[in-house]
Amino acid sequence: CDALLDTTGSATTLDRLVHGPLPIAPADSTHEIHRLNPLLREMLLGELHHSSPAHTTRAHRRASGYHAQHGDFDSAIAHAVAAGDALRSGELLWEHLPSYVTVGRNDLLQGWLRSFTPDQLSASAPLALTAAHSALALGDLRQAEHWGLMGAAALARSTTTPTVASLPAGVAVIEAAVSRSGLSSMGRDAARAFEQEEDGSPWRPIFSLLQGVADHLTGDRLQARAHLENGIHRSSIAAPPIESLCLSQLAMITVEEGDWERSVDLIARAISQIELHNLASYPSSALAFAVSADVHSHAGRVDEGKHHARKASHLLGGLRDFIPWYEAETRITLARATLRLADVRTARTLLAEASRLARRIPDAVLFSGWLDEAWGLIDAAADAALAGPSTLTMAELRILRFLPTHLSFREIGDRLHVSTNTVKTQAHAVYRKLDVCSRSDAVGRALDIGLLDG
């Protein structure tokens with residue numbers, strides 16, 4: 001109270017109010033914190049805003065400064081936003097960006113950003129770049145690119161030295177991630193930006209990740225490993241999302257090398273970081289769950305494989321025209337997992353989407369080999385799937401066509417003028433030849449191999 005009013009003696013005033021008729025009461029034994037009836041609080045705030053809006057703004061700014069000095073940055077940002085102070089809000093948001101986008105608090109960040117108009121965001125480099133990185137974490141590359149360009153333009157227009165550090169690095173991250181010129185260009189941009197940052201910079205892990213991805217997908221596995229391990233080392237405490245992505249990419253390399261035991265350890269660490277820091281709902285976590293599904297399905301852990309495959313599929317649906325290499329490798333990896341889990345139809349869809357995305361990244365030389373191998377596995381699965389169904393008799397095929405309906409075995413028998421026992425016997429023969437255990441699985445398998453129309 002003293003800080004907001006630029007005065008002294010607030011403790012005495014509060015003590016007097018506590019003993020008066022107003023609904024104010026101390027919230028602790030030292031009388032340092034007081035609780036005010038919420039309805040009265042809202043009424044007083046409304047009256048203050050109506051009678052003296054300038055004083056309200058000034059009080060919010062002082063409150064922001066006070067909370068920042070005492071380390072309560074949530075409150076400091078909230079008051080700066082309430083004051084409509086785009087400059088102060090931008091500085092605070094940019095300075096503390098990692099503590100929101102890297103620990104599952106991006107929704108709070110988005111709420112503050114919505115308090116400003118597009119023109120206000122575009123005029124402030126820190127605000128625009130905060131919006132860009134928030135969008136990138138949400139898997140919205142189009143918005144990330146837009147606000148990245150706005151931030152770069154605002155930074156170029158500025159005639160003064162920025163009061164917050166690493167704004168150029170923030171621009172470089174978006175430019176490298178968006179990179180329309182291919183992976184080699186992304187790797188060069190990331191390497192240049194890495195060298196421009198100081199050794200302890202929080203941006204260096206991101207540049208290590210981007211260099212590692214570029215090297216891996218263009219065929220330099222050795223260099224990729226070095227960059228990814230560097231990214232893991234630098235991000236283990238400060239940037240959990242980057243660490244999980246580095247671990248996932250490194251797990252893919254160990255899978256290629258046939259070291260499945262090592263890949264299990266790496267992807268377990270990635271998933272642990274995602275769950276520990278509440279990142280499981282971020283679309284950018286899709287790759288980690290896809291790799292986990294691939295590793296678990298290879299090890300025969302069907303339940304874990306299916307669980308993480310469903311999670312990866314759900315998160316992929318949240319990506320909006322995201323980074324092509326990320327979407328392509330996530331889909332190829334997930335397709336391998338779903339193939340092992342006997343979901344050929346989903347695998348085929350994923351590979352078709354990955355093939356379309358891969359055409360946009362011609363220098364990702366690994367994609368063609370991955371895709372050829374996966375399509376080969378699908379062909380082999382189709383051949384194997386047809387071996388049993390080819391022995392279905394005409395009577396069993398006739399029963400199969402009734403399985404997608406809600407008719408009971410007795411009702412199917414009535415339609416076909418045969419006994420219920422005959423229907424049961426023929427249905428179980430269908431299950432055996434399709435290598436399934438239930439009516440719904442039989443329908444799904446028959447749809448996959450074309451014995452039933454969708």
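**Helix packing and cysteine environment in the predicted model**

Helix H18 passes helix H19 in a left-handed crossing, a description that, like those that follow, rests on a predicted model. The two elements span residues 286-298 for H18 and residues 302-316 for H19, and their axes come within 8 Å of one another while crossing at roughly 155°. Because angles over 145 degrees count as roughly antiparallel, H18 is assigned a roughly antiparallel arrangement with respect to H19. On the H18 side, the residues that meet H19 are Ala286, Phe289, Ala290, Ser292, Ala293 and His296, whereas H19 contributes Glu304, Gly305, His308, Ala309, Lys311, Ala312, Leu315 and Leu316. When the residues of this contact between H18 and H19 are sorted by class, 8 are nonpolar, 4 are polar and 2 are charged.

A second helix pair is formed by H20 (residues 324-340) and H21 (residues 344-358), which pack at an angle of about 160° with their axes 8 Å apart. H20 and H21 are therefore roughly antiparallel to each other, and their crossing is left-handed. From H20, the contact draws on Pro324, Glu327, Ala328, Arg331, Ile332, Leu334, Ala335, Thr338 and Leu339; from H21, the participating residues are Val344, Thr346, Ala347, Leu350, Leu351, Glu353, Ala354, Leu357 and Ala358. The composition of the contact of H20 with H21 comes to 13 nonpolar, 2 polar and 3 charged residues.

Attention was also given to Gln273, a residue located in helix H17, which covers residues 260-276. Gln273 has a relative accessibility of 11% and so counts as buried, the cut-off for that class being under 20%. If residues up to four places away in sequence are set aside, the residues touched by Gln273 are Ser236, Pro240, Glu243 and Leu279.

The cysteines were considered with regard to covalent cross-linking, since a disulfide is a covalent bond between the sulfur atoms of two cysteines. A search of the whole structure returned 0 disulfides. With respect to solvent accessibility, Cys1 is exposed, having a relative accessible area of 57%, which lies in the class defined as over 50%. Cys246, by contrast, counts as buried, with a relative accessibility of 0%.

Technical notes: Residues are numbered from 1 along each chain as its sequence is written. This is a predicted model: local features need pLDDT of at least 70, side-chain atom pairs count only at pLDDT 80 or more; totals for chains, interfaces and linings use all residues. Side-chain values use heavy atoms; hydrogens and water are left out. A disulfide is a pair of cysteine sulfur atoms within 2.5 Å. Buried means under 20% relative accessible area, exposed over 50%, partly exposed in between (1.4 Å probe, protein chains only). Axes are lines fitted to C-alpha atoms, for helices over the stretch in contact, and angles run from 0 to 180 degrees between N-to-C directions. Helices (H or I, at least four residues) and strands (E, at least two) are DSSP runs, numbered from the N terminus. Angles under 35 degrees count as roughly parallel, over 145 as roughly antiparallel, 65 to 115 as roughly perpendicular and the rest as oblique. A crossing is left-handed if the near helix is turned anticlockwise from the far one by less than a right angle, and right-handed if clockwise. Contact means heavy atoms within 4.5 Å. Ala, Val, Leu, Ile, Met, Phe, Trp, Tyr, Cys and Pro count as nonpolar, Asp, Glu, Lys and Arg as charged, and the others, Gly among them, as polar.
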